[in-house]
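Reader: I'm new to this one and would like a close look at a single part of it. Could you pick a spot, walk me through it slowly, and then show me how the rest fits around it?

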Amino acid sequence: MFPREEFTARAAKVRAAMAEAGAELLLVDHAEFLAWLTGYTVSETMYRAAFLPREGEPWFVLRELDAGPCRNACWFSDIVGFPDTAEPQAVMAEELRRRGFAKARIGADHASYGFTAAMWDRFAALLPDVRFIDLPRASDLLRAVKSPAEIALIAEAAGIADKAMAAIAAQARPGLSPRAAAAIAAASFLENGADTGETGPILPGVGDHEFLHGVMTADPLADGDILHVELIPKRRNYGARLMRPVLIGADRRGLSPLAERLVALQDRQFAAMRPGTLACEVDAVLREAVLAEGLRPAYDNVTGYTLGLYGRTPRTSDFSRVFLPNARWRLEEGMVFHMYVSAAGLGFSETVVVEAGGGRRLTSTPRAMLTSRLR
């Protein structure tokens with residue numbers, strides 16, 4: 001997906017972290033980190049991992065069934081496949097012994113969802129002379145800043161979200177159900193090049209933020225209802241996100257002024273997203289204004305979180321960097337985030353990249369409550 005030079009630059013960045021931690025070899029089993037470092041990722045149906053030495057080429061160990069696609073995707077050629085009758089950890093331990101790492105200091109991200117306590121125990125039994133060294137959260141943090149090529153893929157995903165949102169808004173009439181809207185979005189995703197038809201939450205907009213993770217229904221919506229649409233298309237595993245409230249029929253609850261105010265406050269937040277700024281300061285621009293103006297009685301959820309590469313993993317959102325009042329990390333140019341705000345059943349969000357002058361939207365859907373007349 002990327003030039004070899006981009007992968008070698010990523011490997012150099014990882015090796016610098018390894019050197020700082022004193023690791024001779026790195027075990028990589030976090031799905032997104034695998035994809036970022038090697039070019040290939042696969043589910044954990046059977047345990048799989050890549051190994052990066054401080055010097056020399058990396059290698060990948062996985063099911064023989066997946067070895068062919070792995071060879072086609074990786075920037076290196078050393079791929080070790082094992083039959084389904086084998087124990088993955090035993091195969092990996094034998095490879096480590098064969099390559100001279102039976103007594104090595106092996107780095108691993110102990111927060112990786114692949115590197116469980118059971119996994120550590122098994123490797124320790126197979127490799128009693130190995131010392132495991134934690135590289136805390138390396139799987140997420142080493143890839144926090146996106147390259148121009150990565151941002152281009154996220155922008156492609158953002159364009160797919162914009163098209164799907166317009167397709168739903170065009171059908172925003174009484175009788176439309178959330179499930180029917182999801183079918184429109186799924187078809188639009190696949191027609192426009194998304195990896196899958198997985199849409200994201202599409203459901204009635206009710207409450208300050210409770211609706212954001214509600215359950216999709218087939219119940220038809222009535223005149224004046226709000227359809228909350230969150231779209232999460234991925235393009236070659238890189239995801240964008242977009243939320244809009246879609247008005248069914250007429251604005252019978254007079255929500256337009258609130259929608260305009262939420263958008264205005266969020267625009268201020270985007271402007272504050274400059275490199276070097278503390279995340280809590282960016283968060284405060286939106287959170288404190290929403291509370292001060294009484295737009296919500298409480299504001300307990302994040303106002304944004306990391307976007308980028310997604311594998312087939314146990315999590316659907318990346319909270320390695322979030323915007324909260326206690327978030328003391330600093331923004332860097334090239335970071336990409338899903339920034340969102342919600343109140344009274346209205347949810348607005350954008351895919352935003354940090355640039356020198358502030359946050360720039362990669363999504364381009366009109367920043368308003370959408371109707372069949374505005375999309």
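**Starting from a serine**

Author: Let's start with S177, which counts as buried because its relative accessibility is 9%, and buried here means under 20%. One thing to keep in mind throughout: this is a predicted model. You'll find S177 in the loop between α7 and α8 (178–191). What does S177 touch, leaving out residues up to four places away in sequence? Its contacts are T217, A218, D219 and P220. For a sense of distance, try A292: it is 115 residues from S177 in sequence, and their C-alpha atoms are 35 Å apart in space.

S177 also falls inside a stretch that has a name in a record: UniProt, in an unreviewed entry, lists residues 153–354 as "domain: Peptidase M24". Over those residues the chain is 30% helix and 22% strand, with the end C-alpha atoms 16 Å apart.

One of the helices there is α9 (residues 256–271), and you can check its length yourself. With 16 residues at 1.5 Å a residue, α9 should span 22 Å, and its end C-alpha atoms are 23 Å apart, which agrees. Which residues of α9 are buried? They are L258, A259, L262, V263, L265, Q266, Q269 and F270. Around the axis they cover an arc of only 170 degrees, so they sit on the same side of α9. The spacing helps to explain such patterns: an α-helix has 3.6 residues a turn, so residues three or four places apart point the same way. The buried residues of α9 pack against α10 (279–292), β14 (336–343), β15 (346–355) and β16 (358–361). On the face turned away from that buried side, you'll see the exposed residues P257 and E260.

Now hop back along the chain to helix α3 (residues 64–73), where D66, A67 and C70 are buried. Seen down the axis of α3, these buried residues fall within an arc of 120 degrees, so they line one face of the helix. Their cover includes β3 (59–63) and β4 (79–82). Turned away from that buried side is a face with the exposed residues L65 and N72.

C70 deserves a second glance. It is buried, with a relative accessible area of 0%, and the closest cysteine sulfur, in C74, is 3.6 Å from its own. Why is there no bond between C70 and C74? Their sulfurs are too far apart for one, since a disulfide needs the two sulfur atoms within 2.5 Å. C74 counts as buried too, at 11% relative accessibility. The structure as a whole holds 0 disulfides.

Finally, let's step inside. The largest nonpolar core has 43 residues, of which V14, L26, F60, I79 and L135 touch the most other members. Two or more residues come from each of these elements: α1 (4–21), β1 (25–28), α2 (31–38), β2 (49–53), β3, α3 and α7 (148–169). So what does V14 touch, not counting residues up to four places away in sequence? V14 is in contact with L26, F33, W36, L37, L52 and L142. There is also a second, separate core, made of 25 residues, including M46, Y47, V61 and V91.

Definitions and conventions
Residues numbered from 1 in each chain as written. Predicted model: local features only at pLDDT ≥ 70, side-chain atom pairs only at ≥ 80, totals over all residues. Heavy atoms only, no water. Buried < 20%, exposed > 50% of the residue type's maximum accessible area, 1.4 Å probe, protein only. Helix = DSSP H or I, 4+ residues; strand = E, 2+ residues; numbered from the N terminus. Arc of directions from axis to C-beta. Contact = heavy atoms within 4.5 Å. Core = buried A, V, L, I, M, F, W, Y, C linked by side-chain atoms within 4.5 Å. UniProt positions renumbered as here; feature names shortened; annotations may be inferred. Expected span 1.5 Å × (residues − 1).
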